[in-house]
Amino acid sequence: MTLETISENRSFDGIQGVYRHASAVTGTDMTFAVYLPPAVESGPVPVLWYLSGLTCTHENAMTKAGAQEHAAREGIALIFPDTSPRGEGVADDEAYDLGQGAGFYVNATQEPWVKHFRMWDYIAQDLPDLLFSQFPLDREAQGITGHSMGGHGALTLAMTMPETYRSVSAFAPIANPTESDWGRKQLTAYLGDDPAAWAAHDATLLMREQGYPGEVLIDQGTEDQFLDLLRPEALAQAIAARRQPGVMRMQQGYDHSYFFVQSFMGDHIGWHAERLWQNA
C-alpha cells in the first residue's frame with residue numbers, strides 16, 4: 001500500500017505525522033495522523049485509536065486534545081483518522097451533521113452514500129491493515145476512544161469487536177442515537193428507515209444486549225450543551241442494569257468542547273496504557 005507523508009514533526013521526543021493513502025474501502029484518498037512515542041525505538045508499541053466528532057478531521061484532536069505528552073509518557077501510539085470520506089464526487093449535505101465530516105462510523109447501504117461512506121470497515125480493517133504494515137505498532141494491543149460522534153464509534157466498535165479492542169473509553173459519546181435527533185437522522189440516511197438496521201450502532205442497545213468483557217471509562221460534562229442529544233442517562237441505566245465493570249463520570253461544570261477533552265485526556269491515556277501494556 002502506498003503511503004504519502006504530508007508532514008512529520010518532533011513532539012515530546014516522538015514523531016507526530018500526517019499521512020495520506022488511497023483507500024480501497026471508501027474509494028477515496030484518506031488523510032490520517034499518527035503519533036509515535038519515543039518508546040518505538042525499542043520495538044512495537046500499543047495503539048490507541050481516537051475517533052473524532054461531527055465536523056472534525058484528523059487535525060482537531062491532534063492539535064487540541066493535548067494527547068501527545070501523555071502518550072509519550074505512557075509509551076503508546078495514537079491514531080487520529082478522519083471522520084468521513086471527502087473529495088470530488090463524494091456525496092455531501094448542506095447540514096453540518098450529515099455527509100462529509102459526519103460519517104457516523106457506519107457502512108452506508110443507501111444512496112447516495114453507499115459508494116464511499118464505509119467508515120466502519122475503514123476503521124476496523126482498511127486503515128489498520130495499512131498502519132500495521134508501515135509502523136512499529138502492536139496489533140495485539142489496541143484500544144479505542146473518541147469524542148461525541150467518535151465516542152459513539154468507539155463504544156460500538158469495541159462492544160462488537162472486543163477481541164480487537166482490548167480497552168475502551170469515551171468522552172461525551174452520542175450514547176443512544178436510535179432515540180436521538182443525533183442518530184435517527186443519520187442512521188435513516190445511511191442505513192434506511194428500518195430501526196432494526198440501526199441497533200448495531202447504538203451503544204446503549206449494545207450495552208443492554210452484550211456489554212464489554214473488560215472495564216469501560218466514560219466522561220461526560222454536566223454543562224454539555226448537547227446533553228439532550230447525547231442521552232448519557234440511557235447508557236448509564238444500561239451500564240447499571242448489566243452491572244458492567246467500569247466507571248461513568250459526570251464532570252461538574254464541563255461542556256462539550258476540547259477544553260473538556262484535554263482536561264481528562266491524561267486519565268484516559270493512562271487507563272488505556274495500563275490495560276494495553278498488559279497485552280503487549
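Glycine 27 takes a positive phi near 70° in the hairpin of strand 2 and strand 3, which has six residues between the strands. The model described here is predicted. Strand 2 covers residues 14–22, and its pairing with strand 3 is antiparallel, over eight bridges. One residue of this pairing is isoleucine 15, whose bridge partner in strand 3 is leucine 36. Strand 3 spans residues 29–36 and is mostly covered. Seven of its eight residues are buried. Strand 3 also runs antiparallel to strand 5, to which three bridges join it. Here alanine 33 has phenylalanine 80 of strand 5 as its bridge partner. Strand 3 thus has bridges to strand 2 and to strand 5.

Backbone geometry was examined next. Aspartate 13 has a positive phi of about 65°, although it is not a glycine. This aspartate is found in the loop between strand 1 (4–11) and strand 2. Aspartate 13 is exposed, as its relative accessible area is 51%, and the cut-off for that class is over 50%. Tyrosine 105 is another residue other than glycine with a positive phi, near 55°. Tyrosine 105 is found in the loop between strand 5 and helix 3. Its relative accessibility is 0%, so tyrosine 105 counts as buried. Proline 112 lies in the loop between strand 5 and helix 3 as well. A cis peptide bond joins this proline to glutamate 111, with omega about 0°.

Aromatic contacts were then surveyed. Eleven aromatic pairs are found in a search of the whole structure. In one of them, the ring centres of tryptophan 113 and tyrosine 190 are 5.4 Å apart. Their planes stand at 90°, so this pair is edge-to-face. Distant parts of the chain are linked by this contact, with the two residues 77 residues apart. Tryptophan 113 belongs to the loop between strand 5 (77–80) and helix 3 (119–134), and tyrosine 190 to helix 5 (residues 181–191). Tryptophan 113 has 5% relative accessibility and therefore counts as buried. Tyrosine 190, at 0%, counts as buried too.

Helix 5 also contributes tryptophan 182 to a pair with phenylalanine 226, which lies in the loop between strand 8 (216–221) and helix 7 (227–230). These two residues are 44 residues apart, and their pair again links distant parts of the chain. The ring centres of tryptophan 182 and phenylalanine 226 are 4.8 Å apart. The planes are at 40°, so the pair is tilted. The stacked class would need planes under 30 degrees apart, and the edge-to-face class planes over 60. Tryptophan 182 is buried, with a relative accessible area of 5%. Phenylalanine 226, at 26% relative accessibility, counts as partly exposed. The cut-off for buried is under 20%, so phenylalanine 226 falls outside that class.

Other aromatic residues group together. One aromatic cluster is formed by Phe171, Tyr254, Phe260 and Phe264. A charged side chain meets a ring elsewhere: arginine 275 lies over the face of tryptophan 271. The distance from the ring centre is 3.6 Å.

Helix 9 covers residues 258–279 and includes aspartate 267. This aspartate has 40% relative accessibility and counts as partly exposed. Its C-alpha atom is separated by 20 Å from that of alanine 39, which is 228 residues apart from aspartate 267 along the chain. Threonine 160 is found in helix 4 (residues 149–160). With a relative accessible area of 38%, threonine 160 is partly exposed. The C-alpha atoms of threonine 160 and serine 52 are separated by 19 Å, and these residues are 108 residues apart along the chain.

The pocket search completes the description. The largest pocket has a volume of about 210 Å³. Its lining consists of 14 residues. Leu54, Thr55, Cys56, His147 and His256 lie nearest the centre of this pocket. By class, six lining residues are nonpolar, seven are polar and one is charged.

Key:
Residues numbered from 1 in each chain as written. Predicted model: local features only at pLDDT ≥ 70, side-chain atom pairs only at ≥ 80, totals over all residues. Heavy atoms only, no water. 1 Å grid on protein atoms, 1.4 Å probe; cavity = no way out; pocket = protein on both sides within 12 Å on 5 of 7 lines; lining within 4 Å. Points joined across faces, edges and corners; volume = space filled by probe spheres on them. Nonpolar A, V, L, I, M, F, W, Y, C, P; charged D, E, K, R; others polar. Phe/Tyr/Trp six-rings, centres within 6.5 Å; stacked < 30°, edge-to-face > 60°. Helix = DSSP H or I, 4+ residues; strand = E, 2+ residues; numbered from the N terminus. Buried < 20%, exposed > 50% of the residue type's maximum accessible area, 1.4 Å probe, protein only. Lys NZ or Arg CZ within 6 Å of the ring centre and 35° of its normal. Pairing = 2+ DSSP bridges.
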